[in-house]
Amino acid sequence: MLEDITSERVDPREIFDIRDWKVNIRKGNSILSFRMGEDRILLSYNGRFGRSTRCRSYSLPFKPDYSILVDVGECTYFIHLDAKYRSTVKVEDFYEDIDIRDSWEELEKDYKDGDVYKMHTYKDAILHSRGAYILYPGSREVVFHENGEHEIPSVGAFPLNPAGSEDEERRLRNFLEAVIRSLMER
């Protein structure tokens with residue numbers, strides 16, 4: 001998505017750490033860098049935000065799944081994305097009745113309130129954070145705005161289903177672009 005937003009392409013070797021027969025996604029702050037005009041946009045995967053790190057939390061340490069760092073002049077702003085793809089079905093139930101399991105998971109296609117609470121924690125505890133959003137296998141998009149007129153500051157949830165529609169990706173991409181552009185205009 002950041003490639004589409006910035007019109008810059010990423011070399012896959014910058015994303016993956018390849019050693020012998022092992023391939024891992026690189027972790028840490030600022031694993032990918034993009035430019036939009038004079039401003040720099042960085043992507044982090046499992047970057048650490050603690051009291052003693054450059055990108056700080058004022059309380060406890062946190063590791064959001066993804067963080068987008070938008071460097072604007074003297075300031076760095078953060079947008080956090082946390083994937084919530086978990087099942088409530090127990091492993092031992094997996095082989096019992098597949099139809100019941102599948103219909104149960106179909107009913108569970110909503111974000112959890114606790115996940116929204118965690119997004120508030122990221123946005124409020126990690127300094128200079130402007131938004132934090134859940135990515136989950138559901139159908140309902142929701143953004144809770146602090147100020148009804150602007151995309152940020154806010155927290156929310158975006159459906160992003162495996163093999164989902166292009167519309168889900170497009171809506172998330174458009175929202176992220178609007179947030180990034182809003183930060184660049186500050």
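Let me start with the aromatic rings: a search of the whole structure, which is a predicted model, finds seven aromatic pairs. A pair of aromatic rings is described by the distance of the centres and the angle of the planes, and I will give both for two of the pairs.

The pair I would take up to begin with is Y45 with Y66, whose rings are tilted, at 5.2 Å centre to centre and with 45 degrees between the planes. Y45 belongs to strand β4, which covers residues 39-45, while Y66 belongs to strand β5, covering residues 66-72, so this pair ties together parts of the chain that are 21 residues apart in sequence. As for how well covered these two tyrosines are, Y45 has a relative accessible area of 18% and is therefore buried, since the cut-off is under 20%, whereas Y66, at 30% relative accessibility, counts as partly exposed.

The other pair I want to show is F49 with F78, and here the arrangement is edge-to-face, with 5.3 Å from centre to centre and 85 degrees between the planes. This pair links distant parts of the chain, because F49 sits in the loop between β4 and β5 and F78 in strand β6, residues 75-83, with their positions 29 residues apart in sequence. How buried or exposed are these two rings? F49 is buried, with a relative accessible area of 0%, and F78 is buried as well, at 3% relative accessibility.

Staying with rings for a moment, there is also a cluster, in which ring pairs link Y133, F158 and F175.

Now let me step back to the chain as a whole. The protein chain has four helices and nine strands, and read along the sequence these follow the pattern α-β-β-β-β-β-β-α-α-β-β-β-α. Of its 186 residues, 40% are buried, and the chain exposes about 11,400 Å², of which carbon and sulfur atoms supply 48%. If we take the contacts between residues at least 6 apart in sequence, 50% of them join residues at least 24 apart.

What does the interior contain? The largest nonpolar core has 28 residues, and those with the most contacts inside it are L2, I68, I79, Y133 and I180. The elements that give two or more residues to this core are α1 (2-6), β3 (28-36), β4, β5, β6, β7 and α4 (166-184), and the largest share, six residues, comes from α4. I180 is a good residue to click on here: leaving aside its neighbours within four places in sequence, I180 is in contact with L2, I5, M36, I41, I68, V70 and I79. Apart from this core lies another, of 18 residues, and among them are F78, A132, Y136 and A157, so F78, from the edge-to-face pair with F49, appears again in this second core.

Let me follow strand β7, residues 129-136, from one end to the other. S129 is found in this strand and is buried, with a relative accessible area of 5%. The side chain of S129 makes a polar contact with the side chain of H80, at 2.7 Å, and, beyond four places in sequence, S129 is in contact with F78, H80, Y122 and K123. Y136 also lies in β7, and at a relative accessible area of 2% Y136 is buried. Its C-alpha atom is separated by 5.7 Å from that of Y85, although the two residues are 51 apart along the chain.

Y136 also leads us to D110, which lies in the loop between α2 and α3 (113-125). D110 is partly exposed, with a relative accessible area of 34%, and, not counting residues up to four places away in sequence, D110 touches Y136 and R140. D110 and S139 are 29 residues apart in sequence and 7.0 Å apart in space, C-alpha to C-alpha.

I should end on confidence. The mean pLDDT of the chain is 83, and 83% of its residues reach 70 or more. Among the elements, β7 has the highest mean pLDDT, 95, and helix α2, residues 98-107, has the lowest, 54. Where pLDDT is low, the predicted coordinates should not be read in detail.

Technical notes: Residues are numbered from 1 along each chain as its sequence is written. This is a predicted model: local features need pLDDT of at least 70, side-chain atom pairs count only at pLDDT 80 or more; totals for chains, interfaces and linings use all residues. Side-chain values use heavy atoms; hydrogens and water are left out. Rings of Phe, Tyr and Trp (its six-membered ring) pair if their centres lie within 6.5 Å; planes under 30 degrees apart count as stacked, over 60 as edge-to-face and the rest as tilted. Buried means under 20% relative accessible area, exposed over 50%, partly exposed in between (1.4 Å probe, protein chains only). Contact means heavy atoms within 4.5 Å. Accessible areas come from the Shrake-Rupley method with a 1.4 Å probe; for residues, only the protein chains shown count as cover. A polar contact is a pair of N or O atoms within 3.5 Å; within protein, one must be able to donate a hydrogen and the other to accept it, and residues adjacent in sequence count only if both atoms are side-chain atoms. A nonpolar core is a set of buried Ala, Val, Leu, Ile, Met, Phe, Trp, Tyr and Cys residues joined through side-chain atoms within 4.5 Å. pLDDT is the predictor's confidence in each residue, from 0 to 100.
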